[in-house]
Each structure stands twice: as C-alpha cells, then as structure tokens.
Amino acid sequence: MTKKILLVEDDPFLSEIYITKFEESGYVVEVADDGEKGLQKLKESKPDLALLDIILPKMTGLEILEQMQKDESLKRIPVIVLSNMGSDEDTNKAIELGAAGYLIKSQYTPSEVVAKVEEVINK
C-alpha cells in the first residue's frame with residue numbers, strides 16, 4: 001500500500017525538491033504552505049507521516065504539534081520536524097510534543113530525509 005506524506009513547508013523551492021524525492025521513492029505527497037492549511041490537511045487526509053517546518057505563516061510547526069496532541073485522531077500520526085531552527089529549546093519542545101525526530105535542513109540531503117521517514121514509518 002502506498003504511504004502518504006504531508007509536507008508542511010512554506011518554501012516552494014524546497015517543497016518541490018522533497019516532493020520529487022518522495023515520489024521517486026514511491027510516496028504520495030500532499031503539501032501545505034502554512035500552518036493552518038497543514039493542520040487542516042492533517043485532519044482531512046490522515047497521512048502516514050507529517051514533515052513539519054517550525055517557522056510557518058499563520059501557525060508554527062510547534063503549534064501544530066500542540067494541536068495534534070489534543071486530538072485523538074491526530075496524535076498517533078508520526079511527525080518529523082524539518083527545520084532550519086536548531087536550538088536545543090526548539091528541538092526539546094518538539095520532542096516533548098511528540099515529534100519522532102528533528103532534522104536540521106542544512107545537515108541532511110533530501111535522500112537522507114527520505115531514509116529517516118522510512119525508518120519512522122516502518123517502526
């Protein structure tokens with residue numbers, strides 16, 4: 001069965017790179033370019049995993065994680081934070097809120113991000 005990924009990313013260039021990489025790996029990818037749309041798509045499509053940026057228009061990735069924890073139908077969806085923000089505070093907060101991983105964009109290639117997603121989905 002094809003796995004569905006929700007990418008919540010406001011940079012269209014990065015979104016295209018990740019969409020291409022995930023589709024080449026056999027995933028269906030949905031994209032939201034702001035936090036509110038991301039939360040709405042989580043509720044509508046119930047993806048197998050969500051990739052969340054932290055800095056987003058309208059609602060941050062951390063706020064999305066907080067909302068997910070309050071919703072029984074969303075809290076089981078694994079989340080990997082994919083951000084340029086690498087402070088210990090952001091990382092710890094994301095993990096506290098249930099993120100399965102925290103990746104700094106500049107430290108991982110798109111292929112490595114796909115590998116991390118596969119590791120989390122196949123647990």
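How are α2 and α3 oriented to each other? I took this up as my opening entry, keeping in mind that the model is a predicted one.

**Entry: the helix pair.** I looked up helix α2, which covers residues 35-45, and helix α3, which covers residues 61-69, and found that their axes come within 10 Å and cross at roughly 30 degrees. Since angles under 35 degrees count as roughly parallel, I noted that α2 and α3 are therefore roughly parallel to each other. I also recorded the hand of the crossing between α2 and α3, which is right-handed.

I then looked up which residues make this contact, and wrote down Gly35, Leu39 and Leu42 on the α2 side, with Ile64, Gln67 and Met68 on the α3 side. Sorting the residues of the α2 and α3 contact by class, I have 4 nonpolar and 2 polar residues, and no charged ones.

**Entry: Lys105.** I turned next to Lys105, which I located in the loop that lies between β5 (101-104) and α5 (110-121). Is Lys105 buried or exposed? I found a relative accessible area of 10% for Lys105, and because buried means under 20%, I entered Lys105 as buried.

I looked up the polar partners of the Lys105 side chain, and noted a polar contact with the side chain of Glu9 at 2.8 Å, as well as a polar contact with the side chain of Asp53 at 3.2 Å. Setting aside the neighbours within four places in sequence, I listed the residues in contact with Lys105 as Glu9, Leu14, Asp53, Leu82, Ser83 and Asn84.

Notes. Residues numbered from 1 in each chain as written. Predicted model: local features only at pLDDT ≥ 70, side-chain atom pairs only at ≥ 80, totals over all residues. Heavy atoms only, no water. Axes fitted to C-alpha atoms, helices over the stretch in contact; angles between N-to-C directions. Helix = DSSP H or I, 4+ residues; strand = E, 2+ residues; numbered from the N terminus. Parallel < 35°, antiparallel > 145°, perpendicular 65-115°, else oblique. Left-handed = near helix turned anticlockwise from the far one by under 90°. Contact = heavy atoms within 4.5 Å. Nonpolar A, V, L, I, M, F, W, Y, C, P; charged D, E, K, R; others polar. Buried < 20%, exposed > 50% of the residue type's maximum accessible area, 1.4 Å probe, protein only. Polar contact = N/O pair within 3.5 Å; in protein donor to acceptor, adjacent residues only side chain to side chain.
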